[in-house]
Amino acid sequence: MTDGESPEGERLQKVLAARGWGSRRVCEEMIEAGRVRVNGEVAQLGRRVDVEVDVVEVDGAPVGVRPDFVYYLLNKPAGVVSTAKDTHDRETVVDLVPAEPRVYPVGRLDAETEGLLLLTNDGDLTHRLTHPKFGVEKEYIAHVDSGGRPVSNSALAALRRGVD
């Protein structure tokens with residue numbers, strides 16, 4: 001056992017398999033290949049984790065291992081608003097996923113914009129992704145319908161520089 005590892009908890013491969021990363025055997029192979037880290041350390045087969053405390057990563061990406069957390073990647077359609085509740089009774093992104101457990105959108109897309117949006121009940125992840133102090137970059141690709149009118153050179157130049 002390494003420092004910080006508890007003899008309590010669930011086997012790492014069981015936790016990963018239960019969260020959809022593959023069969024237990026596939027998860028064991030990922031651990032043996034050194035692709036899984038727990039609290040920043042490369043995990044060894046047989047490692048136990050406390051899903052309430054330990055931070056698990058696969059290939060450098062954080063893995064939600066707490067059973068009470070859910071993560072949805074939603075391809076938001078046009079006409080749906082990026083909010084949990086709308087005062088104008090329009091359809092929201094939350095209406096498109098199961099009602100329980102309650103989740104919230106991470107970030108926003110305009111109502112007529114289509115694109116990938118994360119919804120979760122993981123407040124810490126939401127904070128880390130949205131608070132400016134963490135500097136998480138977001139990149140958008142926009143296709144604009146100019147209604148058949150030519151787009152001015154100055155408008156194109158402004159778009160090339162970037163839009164806040």
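This report describes a sheet, an aromatic pair and a nonpolar surface patch in a predicted model.

## The three-stranded sheet

Three strands make up an open sheet, in which the order is S7-S9-S8 and the pairing is antiparallel. Strand S7, covering residues 71-76, and strand S8, covering residues 104-106, are the edge strands, each of them pairing on one side only. From one strand to the next, the twist averages 40°.

Strand S9 spans residues 115-120 and runs antiparallel to S8, to which it is joined by three bridges. Within this pairing, Tyr-104 has Thr-120 in S9 as its bridge partner.

## The aromatic pair

A search of the whole structure yields one aromatic pair. The pair consists of Phe-69 and Tyr-71, whose ring centres are 6.4 Å apart and whose planes stand at 80°, so the arrangement is edge-to-face, given that planes over 60 degrees apart are assigned to that class.

As for solvent accessibility, Phe-69 has a relative accessibility of 22% and therefore counts as partly exposed, while Tyr-71, with a relative accessibility of 30%, also counts as partly exposed. The range that applies to these residues lies between the cut-offs of 20% for buried and 50% for exposed.

## The nonpolar surface patch

Val-151, Leu-156, Leu-159 and Val-163 together make a nonpolar patch of about 340 Å² on the surface. One of these residues, Leu-159, belongs to helix H4, which comprises residues 153-161. Leu-159 has a relative accessibility of 52% and so counts as exposed, the cut-off for that class being over 50%.

Key
Residues numbered from 1 in each chain as written. Predicted model: local features only at pLDDT ≥ 70, side-chain atom pairs only at ≥ 80, totals over all residues. Heavy atoms only, no water. Phe/Tyr/Trp six-rings, centres within 6.5 Å; stacked < 30°, edge-to-face > 60°. Buried < 20%, exposed > 50% of the residue type's maximum accessible area, 1.4 Å probe, protein only. Pairing = 2+ DSSP bridges. Helix = DSSP H or I, 4+ residues; strand = E, 2+ residues; numbered from the N terminus. Axes fitted to C-alpha atoms, helices over the stretch in contact; angles between N-to-C directions. Patch = residues over 30% accessible without salt bridge, like charges linked within 9 Å, V, L, I, M, F, W, Y side chains within 5 Å. Areas by Shrake-Rupley, 256 points an atom, 1.4 Å probe, with all protein chains shown as cover. Salt bridge = Lys/Arg side-chain N within 4 Å of Asp/Glu carboxyl O.
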